[in-house]
Structures are given as C-alpha cells and as structure tokens.
Amino acid sequence: MNEKIYIYGINAISEVLNNKSDQLIEVLLDNNVSNNRILKLIDIIQKNSINLRRVSTQEIEQITGTSKNQGIAATIKRPAILDSKSALNFIKTIQNPLILILDGLQDPRNVGACMRTANASGVDLIVVPRSRKIKMTPIVSKVSSGASALIQIAEIPNLVRFLKELKKIGLWICGTSEIAETKYWEIDYNLPLAVILGSEGKGMRPLTMKHCDYLVSIPMIGEVKSLNVSVVAGVVLYEALRQRSS
C-alpha cells in the first residue's frame with residue numbers, strides 16, 4: 001500500500017513533478033508567497049491537473065515543521081515499503097543491482113542527503129533495519145530533494161539474516177569503516193553489490209561488519225578524523241557510478 005507523506009520546497013516538488021507527477025496528490029501554497037519560481041511551478045502543477053490549495057503561513061509551517069519551506073508543500077504517494085521477501089524478489093529483477101543499506105542512521109538530514117545521493121548515483125534500493133526505523137519526515141523529503149519519494153525503500157527485521165540472503169542471490173557486501181585498510185577505489189563495483197553505511201556516531205555494528213565481503217575506508221590526511229556519513233555515501237557511490245560507467 002502506498003504511504004502518504006509531505007514534501008516541501010521548490011526543488012523537492014519540482015523533482016517529483018518532473019519524474020513522478022502521478023505520485024502528487026495535492027500541492028499546498030502559502031497565500032503570502034509569490035515569486036517567479038513559484039509562478040512557473042504553479043503553471044506546471046495546473047497543466048498536470050494536480051489539486052492546488054492555498055493555505056495560511058501558519059498552516060504550512062505546521063505541516064512542514066519549519067518556517068524555511070519556501071511557501072510550498074505537497075502530499076504525495078510514496079512507493080510502498082518493501083519487506084524482506086519482496087525486497088529480495090525486487091532485487092532479483094534488476095541486472096547488476098546496487099543496493100544502499102543504512103545501518104542505524106538517525107539524523108533526518110543525513111538520511112535525506114544519503115537518499116539524494118543514492119538516487120543521483122543509480123542506487124536501485126535503500127534498505128533500513130526495521131528496529132532502527134527511519135521516519136520519513138518532511139525534513140528527510142526536503143533534504144533529499146524529492147528522492148525519498150522516487151527511490152524504492154525496504155524495511156527488514158533482521159539485517160544479518162538479510163545480508164545472508166543477499167549473498168545467496170549473488171550480491172557482494174561492502175561496508176565502510178575508518179579502520180579498513182582497503183581504500184574505497186580498490187574494489188570492483190561492477191559486481192552486484194550492497195554498500196553499507198553505519199550510524200553517525202558508532203558506524204556499523206560489529207555483527208554487521210562481520211558479514212561484509214569487503215571493508216573500505218576513505219583516506220584522510222588532515223586533522224579531522226571522520227567524515228559526515230552523507231559525504232561517505234557520496235564518495236563511495238560515485239566511485240561505483242564511475243566504475244560502472246567506464
């Protein structure tokens with residue numbers, strides 16, 4: 001069943017309009033906002049026969065949870081969340097799949113940024129553990145620039161068991177870790193692959209790490225000891241895109 005969620009911001013709504021306009025249910029527009037970008041967006045919305053409703057500033061702030069919403073929000077149908085079985089069946093339909101697994105991320109801005117990068121770099125599916133469920137808040141949708149509505153997501157109850165099932169259907173598992181000796185560009189991303197990103201503070205859980213075929217790190221030569229998880233996602237996933245495009 002499709003889930004209804006809110007997205008907000010001109011870029012996020014434009015992205016869905018350009019790619020999956022049939023997912024948009026209703027667009028909400030702040031009565032007090034009018035500029036060229038909004039007017040162009042309204043024109044596209046009306047041409048697509050999508051319901052447009054004008055609301056107060058207070059209402060749109062209450063819906064989005066922020067005053068920095070650019071005066072526009074939308075209700076959308078996000079693709080149904082997959083369970084373990086349907087996720088595995090979905091992966092089997094993809095030639096040379098690239099999967100992103102978020103092992104315990106909590107910050108919605110990091111989640112949104114990872115989703116945006118995943119969508120841009122050709123990731124087929126994002127997997128999250130059900131026990132550490134990622135809430136699809138308007139902030140996630142805003143930062144992801146609509147990618148949370150465009151990319152398929154699976155919630156699975158047991159990540160280790162799921163990793164074992166991925167290996168059975170031919171995927172290799174690549175984890176990211178500061179302590180890994182292998183550099184991120186030294187593995188073959190042309191394989192059917194699942195990339196795991198750990199949580200913001202602790203990284204991957206030890207049991208998750210144990211089931212990785214590869215562990216890779218990003219070299220750091222400055223005084224800073226770690227990178228934001230969304231930056232790690234960008235570096236690793238774009239190396240996958242580079243290799244797969246060669």
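This short talk walks through the sheet, the cores, two helices and the cysteines of the structure above.

Before I start, please keep in mind that this is a predicted model, in which local features need pLDDT of at least 70 and side-chain atom pairs count only at pLDDT 80 or more, while totals for chains, interfaces and linings use all residues. Residues are numbered from 1 along each chain as its sequence is written, and side-chain values use heavy atoms, with hydrogens and water left out.

Let me begin with the sheet. Helices (H or I, at least four residues) and strands (E, at least two) are DSSP runs numbered from the N terminus, and two strands pair if DSSP finds at least two bridges between them. With those terms, there is an open sheet of 7 strands in the order β7-β6-β5-β10-β8-β11-β9, with parallel pairing. At its edges stand β7 (153–156) and β9 (182–183), each with a single partner strand, so one side of each has no neighbour in the sheet. Elsewhere in the sheet, β8 (residues 172–176) and β11 (residues 214–217) pair in the parallel sense over 3 bridges, and T176 has V216 in β11 as its bridge partner.

What are the partners of β5? It pairs with β10 in the parallel sense over 6 bridges, where L98 stands opposite L193, and 3 bridges join β5 to β6, which run parallel, with L100 opposite I126. Buried here means under 20% relative accessible area, exposed means over 50%, and partly exposed is in between, for a 1.4 Å probe and protein chains only. Because 6 of the 6 residues of β5 are buried, this strand is largely enclosed by the rest of the structure. On one side the buried residues are L98, L100 and L102, and on the other they are I99, I101 and D103, so to speak of β5 is to speak of a strand with both faces covered.

That brings me to the nonpolar cores, each a set of buried Ala, Val, Leu, Ile, Met, Phe, Trp, Tyr and Cys residues joined through side-chain atoms within 4.5 Å. The largest has 27 residues, and those with the most contacts inside it are L100, L102, V123, I126 and L197. At least two of its residues come from each of β5 (98–103), α5 (108–121), β6 (125–129), β10 (193–198) and α10 (229–245), and the largest share, 6 residues, is supplied by α10. Apart from this core lies another, of 20 residues, among them L82, I99, I101 and A154.

Next, the helices α5 and α10. Their axes, which are lines fitted to C-alpha atoms over the stretch in contact, with angles from 0 to 180 degrees between N-to-C directions, come within 9 Å and cross at roughly 10°. Angles under 35 degrees count as roughly parallel, over 145 as roughly antiparallel, 65 to 115 as roughly perpendicular and the rest as oblique, and α5 and α10 are therefore roughly parallel to each other.

Finally, how many disulfides does a search of the whole structure find? The number is 0, taking a disulfide as a pair of cysteine sulfur atoms within 2.5 Å. The sulfur of C114 is too far for a bond, because the closest cysteine sulfur, in C174, is 14 Å away. For C174 the nearest cysteine sulfur is that of C212, 7.2 Å away, and C174 is in no disulfide. At 0% relative accessibility, C114 counts as buried, and C174, at 0% relative accessibility, counts as buried too.
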